Amino acid sequence: MPHPSLRLALMLAGLLLASACQRETRRFRESPPAATSETAVAMSELQPGPKARDLPVVNPYEKNAYAVAEGERLFGAYNCTGCHSHGGGGIGPALMDDEWIYGSDPENIFSTIVEGRPNGMPSFRGKIPNYQVWQLVAYVRSMSGLLAKDVAPARDDHMVMAPEPQRTQVKEPIHAFTPAAAEHP
Amino acid sequence: MSAPITADPAAAEPEARASVRELHETLERTWSDRPGLLGWLMSVDHKSLGKRYVITAFVFFLLGGIEAAMMRMQLARPESRLIGPDLYNQLFTTHGTTMMFLFAVPVMVAMGLYLVPLMIGSRDVAFPRLNAYGYYTYLIGGLFLYTAFFLNTGPDAGWFAYTPLSGPEFAPGKRVDVWAQTITFTEISAIIGAIELIVTIFKQRAPGMSLNRMPLLVWSMLVMAFMILFAMPWVAVDSQFLAMDRLIGTHFFNQAEGGDALLWQHLFWFFGHPEVYIIFIPALGYVSTIIATFTRREIFGYPAMVLSLVATGFLGFGLWVHHMFATNIPQLGESFFTAASAMIAIPTGIQFFCWIATIWGGRPRFTTPFLFILGFMVTFLIGGLSGVMVASVPFDLQVHDTFFIVAHLHYVLIGGAVFPLWGAFYYWFPKLTGRMLSERLGRWNFALFFIGMNVTFFPMHLLGLAGMPRRVYTYLAETGWGTLNLVATVGGVTIAASVLVFLYNVARSLANGEVASSDPWEASSTLEWATTSPPPAYNFAHLPVVQGRYPLWSRTVDEPVVTGLRTDQRQLLITTLLDATPDHRHRTPDPTLWPLVAAVATGVTFIALIFTPWALVVGAALVAGPLIAWGWPKPKPGDPIVTEGVR
Amino acid sequence: MPDWLQSVLQPAGPQAERVHALWNFMLAVSVIVYVVVVGVLLLATFRPRHSEAELAEGAPGERGVTRLVSLATAVTVLTLFAFLLFDFSTGRALTSSVKPAVSIEVTGHQWWWEATYYHDIPNKRVTTANEIHIPVGRPVLLRLNSQDVIHSFWAPDLNGKRDLIPGKESSLWLEADTPGVYRGQCAEFCGYQHAKMAFLIVADRPADFQRWYAAQADTAKTPTDSLTSRGLEVFLTSPCVMCHTIHGTPAGATLGPDLTHVASRRYIGAGALPNTRGNLAGWILDAQGIKPGAHMPPNSLSPADLQALLAYLGTLK
């Protein structure tokens, strides 16, 4: 039986290992099922009978700095900036504030990108591989400061268009998936 | 000075003998460390710290060598799938960072901190507690880098970390931040080492050791120390700019917001070029010392040798753009650096000629240290010649960033610094440990290393000319580079074998090697050989008075020694700068734990700085505590701390 | 000495030849210096020494040695001077102020090369990737830029390298003496696939170059049969269209290499693989297996779709 302080030390080392490993892994390739997985998102809060407990969808990319950086790259590459600018919005709504028309949970954002939304958000199903959509989801959430500060991307090498996610204050969503938000202009 | 006292107790009368023994015991009591682990951690003795420093640096050398071995395994065959690009990038980055920042400079500083006080006839360095702080900071920095490496957070943007690749957009995560902070640790310890060496050399030389009688090794350590002082801050500044860009959104290297990607390169190479001379110049000191001993002749042309060292030190600061010839700097400006880079061959050439003249006029003894020096001359010359070649802009534009440069840099660094370092290890091992290393194993060490090094790196000249760039994790079979890469890998294995022979030699000697006398080589000329092997905690029972450039060769039976220093407290004799006439006595601190605590606090601050800028505020408070405790004056009763003048 | 794929030692253009001449001079001088210095060193070390007295006699004496050392130093200085002269004259010969026959803007990306040929008439400007054709015997000016990090353009057979630094434009002259294919590679560490960022310079005879240029300036061939039409449809409805351009189709993204004439190129993946149908299939399905870390995602296509796509891409000559 290892000495208690040794056990504690090993536990701490394991924790350190796990956290650093998660942030720093570079996964270049997702196996096909993961690359194409989608998550079912309910379109309404109403349910018959008692409300079923929703297990939160955790986007593993939210703890991975490389994936979030890829999301940042793809955000510009796939021209999200054309409508959303660098988070400040324009033709499309702002993405770095605390208002989420369709919800801020990862599966909501995923759904937004893959399905599209009324009033102009295109559906990118089949055009952006799903694992890249998850990377974009992680980046979009980072724009509102919802990611850990050591994972969120820092400034990029362009003209400053938006505050960097690493130093953005957390903007908790004030409307968590309510149709009332759709009334906002 | 008062009446001379002979150093040999046996020759004196019984009363005199008893008083000599009493003297040794009192000095031992005053200068030795406390027993046990705590005493070891509290030590401020330059020898104890110096030995630790050398051993730590050597461990990093081994780790860097393992990384090199892994890279060579991957490159041995085309399209090998042994190591992927991500791990390979971390390997070559960590290899370069380890060798340059954690091995090469620290080992030279460490040898200096150990040898210089002995060679100049003093009892310790100028600031013993600062010395301890410098070592612990270095140790924590090195441990930090490797802990990060094993946590998959090892830096992967190259040891030179060019922006924008190392910047916030293209290097996600904390890997490059780890690199930037490792630099900070090593900068602090190098600068501390430099301060120690400069002040010690300028102010603590034994009476009679005027500047023009200083051993060439001490001169080389002095030049190295000044170069560190002027070069190291720039890489600290550079790495902090990068850390700020990555952590708090500054734009030093962001072209789009008024910064400049090339600023990184200028700042880095303004440090980076002097850095290699910082590594090289002490090695020149080892060469001079070992040649003098094993040819039993004074080094020819002492003034020319000293001026060459100083000239190399100055010129080394004017070459840095030769690392940037391929950028869009105007060619007229680049030509200046071609001329300067060619010019620096002249002082080194002068040194070569003086050494050859020394050997010519002397009687060589082919001990292992001398073999390594011969190996140095034959190997470094290739590196120096290829260096003059790449000073040319058109030629450099062809071979820059290819394996030709890898060959060049290893020829000058291994040939120019590691060979003399091996020689120095063999030469001073008896002094540090009191045991002799086996000559037979030493020859094997030399032969394997010499052959291995040349078999590894000579083909790389051709590989570079044949089009192979650097920092590639693989290459196509049709490039034709496979055979030469395989040869280089075989050479690498030979180098590994030679290092194993060395480790075995050391282990065997420490266990039951031949015991070493004060001067086992029987022809040494410098003062460290005037005391026992290993030296006692107080270095010399009587500090010597120097009468010539080669003190042990100009020793007389009744030569004067220094008297008047107290034996019940730690005192150093401070002398004047030019002529080393005694000036005053100086009370030097007792062992203390505060440098270690301060180093840990500093370490915590820098590591936390990777994650949040607030660490600077909290860290400042954290470090202030131990620093205040460190500096707090503690007079003991009846103990004037003020220094006394000498009549 | 084997024939290397890309080498400083097989110059194929005037600039590389000048550097080769400089190399030969420096090599010769270095060998001589090395042999002389090591020779004297070995002589000094191993010369027979018999006694102290003979030693004192045999030694040239302090003044004599000083003269010899001074002489050696002077010879060193003169040799370095000669080297500088040769070097500066080579450098001057390499700078050129002629009018280029062709002007190409080369943009470095992680991890491929974009090349846009300048032409007075905008719609005759050609954009291609990784394979740069130049007319033989004529000076070509490359204007070098980078989209992301620092790269370095290096075709050793033709000239030295030049760094591509984001935000700064630099230039490089190329000229090939004989028709042929000259390989080059990125020579500044630029990330995961720095090792596989190669390009080809194809030196064509003037008529061949004109023909190649005209073909490249054309839009893509319209698909004629059902298989290739299906292939175009697959292209336009898959992630392909998000990154690649095929002139003459709605695909106009500029993230990845321009594919309008992809079938005319000898290699794919910036020199990673020869451009064969099988390799292209592997690249499309799983580029990460060939260049881990590259920006090309894996694509899962049904076999029928894949065959159609390959058929279509095969028509893009």
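A salt bridge here is a side-chain nitrogen of Lys or Arg within 4 Å of a carboxyl oxygen of Asp or Glu. Keep that in mind as we walk through this predicted model, starting where chain C meets chain B. Lys196(C) and Glu79(B) form such a salt bridge, with their closest N and O atoms 3.4 Å apart. Across this interface the rule finds two salt bridges, along with 18 residue pairs in polar contact, both partners at pLDDT 80 or more.

Which elements of chain C give two or more residues to the side that touches chain B? They are the helices α1 (14-46), α2 (52-58), α3 (62-94) and α7 (277-290), together with the strands β7 (162-164) and β9 (180-186). The largest share, 17 residues, is supplied by α1(C). Sorted by character, the residues on this side of chain C comprise 47 nonpolar, 21 polar and 14 charged ones.

Now step back to the interface as a whole. Here 82 residues of chain C are in contact with 85 residues of chain B. Between them the two chains bury about 6800 Å², and 70% of that area lies on carbon and sulfur atoms.

Let's finish with a residue of chain A. Glu24(A) belongs to helix α1 of that chain, which spans residues 4-24. Is Glu24(A) buried or exposed? Glu24(A) counts as buried because its relative accessibility is 0%. Its side chain makes a polar contact with the side chain of Arg23(A), at 3.1 Å. Leaving aside residues up to four places away in sequence, Glu24(A) touches Asn64(A) in its own chain and, in chain B, Asn152(B), Thr153(B), Pro172(B), Gly173(B), Lys174(B) and Arg175(B).

Methods:
Residues numbered from 1 in each chain as written. Chains lettered and ligands numbered in written order. Heavy atoms only, no water. Contact = heavy atoms within 4.5 Å. Buried area = accessible area lost by both parts, 1.4 Å probe. Polar contact = N/O pair within 3.5 Å; in protein donor to acceptor, adjacent residues only side chain to side chain. Helix = DSSP H or I, 4+ residues; strand = E, 2+ residues; numbered from the N terminus. Nonpolar A, V, L, I, M, F, W, Y, C, P; charged D, E, K, R; others polar. Buried < 20%, exposed > 50% of the residue type's maximum accessible area, 1.4 Å probe, protein only.
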